[in-house]
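I opened the model to look up a few helices and how they pack. My entries follow in the order I made them.

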Amino acid sequence: MNDLTASNIERQNVLNNRYAVDALQENLGFTGMLFEGEYRFTKKMVAEFYEVDLSTINRYIAQYEDELKYNGYFLCRGKLLKELKLQFGHVINEMTKTTRLGLFNFRAVLNMGMLLTESEKAKQVRTRILDIVIATINKRAGGGTKYINTRDIDFLPAAIEEDNYRKNFTTAVGKHKNI
């Protein structure tokens with residue numbers, strides 16, 4: 001996979017894998033407010049999670065607004081905002097005069113983590129994302145990822161050994177086919 005901070009396609013490949021997103025939600029343990037059947041997070045919650053300033057979150061929202069909206073960020077207004085305040089007013093701690101509130105779903109929270117470059121926590125989350133995505137794809141496909149890293153010191157000997165095993169096996173089958 002390419003660098004998630006630089007490639008929108010790579011980010012969408014991860015975010016469109018619902019199995020990986022579910023596994024990430026369990027693994028990261030970051031739960032927000034369960035509202036309308038989905039966990040929601042305020043900008044402040046996301047800023048605290050990634051250990052950045054709220055102004056950083058606002059800057060990224062302005063820069064990547066279309067991508068974040070596509071992945072579940074939205075401005076909550078009107079009747080929906082009123083219901084949210086009634087249910088979670090003590091959590092969001094917003095003034096009663098607030099007419100709109102930016103909310104993330106979990107996909108959008110992950111999306112923000114893939115974009116943030118100045119957060120050490122976001123870097124750690126990206127590493128986890130890659131590990132969990134590979135493990136999830138692997139689990140769904142029923143395969144193994146022991147030698148997925150070709151730079152691993154054991155990769156080349158294992159690849160040669162696997163090839164030798166295959167040759168020996170096919171030779172043995174060929175010899176005994178005529179018996």
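I began with the outward side of α2, where R18 and E26 are exposed (over 50% relative accessible area with a 1.4 Å probe, protein chains only; buried is under 20%, partly exposed in between). This is a predicted model, so I took local features only at pLDDT of at least 70 and side-chain atom pairs at 80 or more, while totals for chains, interfaces and linings use all residues. Residues are numbered from 1 along each chain as its sequence is written, and side-chain values use heavy atoms, with hydrogens and water left out.

Next I checked the other side of α2, residues 18-28: A20, V21, L24 and L28 are buried. Seen down the α2 axis, these buried residues fall within an arc of 100°, so they line one face of the helix. The arc is taken from the directions from the helix axis to the C-beta atoms.

Then I turned to α3 (residues 43-50) and α4 (residues 54-63). They pack at about 110°, with axes 9 Å apart. The pair is therefore roughly perpendicular (65 to 115 degrees). I noted the crossing of α3 and α4 as right-handed. K43, K44, V46 and A47 of α3 meet L54, I57, N58 and I61 of α4 (contact is heavy atoms within 4.5 Å). By class, I read five nonpolar, one polar and two charged residues in this contact.

Last, I looked up R11 in α1, residues 8-15. Is R11 buried or exposed? R11 is buried, at 4% relative accessible area. Leaving out residues up to four places away in sequence, R11 touches L4, T5, A6, Y64, E67, N111, M114 and L115.

Definitions and conventions
Axes fitted to C-alpha atoms, helices over the stretch in contact; angles between N-to-C directions. Helix = DSSP H or I, 4+ residues; strand = E, 2+ residues; numbered from the N terminus. Parallel < 35°, antiparallel > 145°, perpendicular 65-115°, else oblique. Left-handed = near helix turned anticlockwise from the far one by under 90°. Nonpolar A, V, L, I, M, F, W, Y, C, P; charged D, E, K, R; others polar.
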